[in-house]
Amino acid sequence: MKEIHFTPTRTCSRQIHILLEGTTIRQVEFEGGCDGNLQAICRLLVGLDATEAIQRLRGIDCGNRGTSCPDQLARALQSSL
């Protein structure tokens, strides 16, 4: 198991914690951010391959910030592969 702790930029969330088994996502937790939406995203990602998650989440924008919590999660996954 590989633990990833990532500090996002330009988002409401303060920290992203990811647990990978090989390239399979086993757990994702956000500190801060839109609680209900992020809980849903975390549950939907469990069991998904990290490469697939990156493809689905990369480039999502929130409030014209040029990034979002899902985009930052994709960046965290990409930096760990």
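Leaving aside its neighbours within four places in sequence, which residues is Thr11 in contact with?

## The loop between E1 and E2

In this predicted model, Thr11 is in contact with Arg65, Thr67, Ser68, Cys69 and Gln72, once neighbours within four places in sequence are set aside. Thr11 belongs to the loop that joins strand E1 (2-6) to strand E2 (13-21). Its partner Thr67 lies 56 residues away along the chain, yet the two C-alpha atoms are separated by 7.4 Å. Thr11 has a relative accessible area of 16% and is therefore buried, the limit for that class being under 20%.

Arg10 is located in the loop between E1 and E2 as well. With a relative accessible area of 52%, Arg10 is exposed, because that class begins over 50%. The phi angle of Arg10 is near 60°, a positive value in a residue other than glycine. Most residues other than glycine have a negative phi.

## Strand E1

Lys2 is placed in strand E1. Its relative accessibility of 39% makes Lys2 partly exposed, because the value falls between the limits of 20% and 50%. Apart from residues up to four places away in sequence, Lys2 touches Ile18, Leu19, Leu20 and Ser80. The C-alpha atoms of Lys2 and Ile18 are separated by 8.1 Å, and the two residues are 16 apart along the chain.

## The loop between H1 and H2

Leu48 sits in the loop that links H1 to helix H2 (50-57). At a relative accessible area of 18%, Leu48 is buried, since this value is under 20%. Residues up to four places away in sequence not being counted, Leu48 touches Thr23, Thr24, Ile25, Ala53 and Arg56. One of these partners, Thr24, is 24 residues from Leu48 along the chain, with a C-alpha separation of 5.7 Å.

## Packing of H2 and H3

Two packed helices are described by the angle between their axes and the distance between the axes. For H2 and H3, the angle is about 145° and the axes are 8 Å apart. The crossing of H2 past H3 is left-handed. On the H2 side, the contact is made by Ala50, Ala53, Ile54 and Leu57; H3 contributes Pro70, Asp71, Leu73, Ala74, Leu77 and Gln78. By class, the residues of this contact comprise 8 nonpolar, 1 polar and 1 charged.

Asn64 is found in the loop between H2 and H3. Its relative accessibility is 75%, so Asn64 counts as exposed, the limit being over 50%. Phi of Asn64 is near 55°, a positive value in a residue other than glycine.

## The largest pocket

The volume of the largest pocket is about 150 Å³. Its lining consists of 14 residues, of which Cys34, Leu38, Cys62, Cys69 and Pro70 are the closest to the centre. Among these, Cys69 is also a contact partner of Thr11, and Pro70 takes part in the contact between H2 and H3.

Helices H1 (35-45) and H3 (69-80) each supply at least two residues of the lining. H1 gives the most, with 3 residues. The lining divides into 7 nonpolar, 5 polar and 2 charged residues.

Terms used
Residues are numbered from 1 along each chain as its sequence is written. This is a predicted model: local features need pLDDT of at least 70, side-chain atom pairs count only at pLDDT 80 or more; totals for chains, interfaces and linings use all residues. Side-chain values use heavy atoms; hydrogens and water are left out. On a 1 Å grid over the protein atoms alone, a cavity is a set of points where a 1.4 Å probe fits but cannot get out, and a pocket is an open set with protein on both sides within 12 Å along at least five of seven lines; lining residues have an atom within 4 Å of a point. Grid points are joined across faces, edges and corners, and a volume is the space filled by probe spheres set on the points. Helices (H or I, at least four residues) and strands (E, at least two) are DSSP runs, numbered from the N terminus. Ala, Val, Leu, Ile, Met, Phe, Trp, Tyr, Cys and Pro count as nonpolar, Asp, Glu, Lys and Arg as charged, and the others, Gly among them, as polar. Buried means under 20% relative accessible area, exposed over 50%, partly exposed in between (1.4 Å probe, protein chains only). Contact means heavy atoms within 4.5 Å. Axes are lines fitted to C-alpha atoms, for helices over the stretch in contact, and angles run from 0 to 180 degrees between N-to-C directions. A crossing is left-handed if the near helix is turned anticlockwise from the far one by less than a right angle, and right-handed if clockwise.
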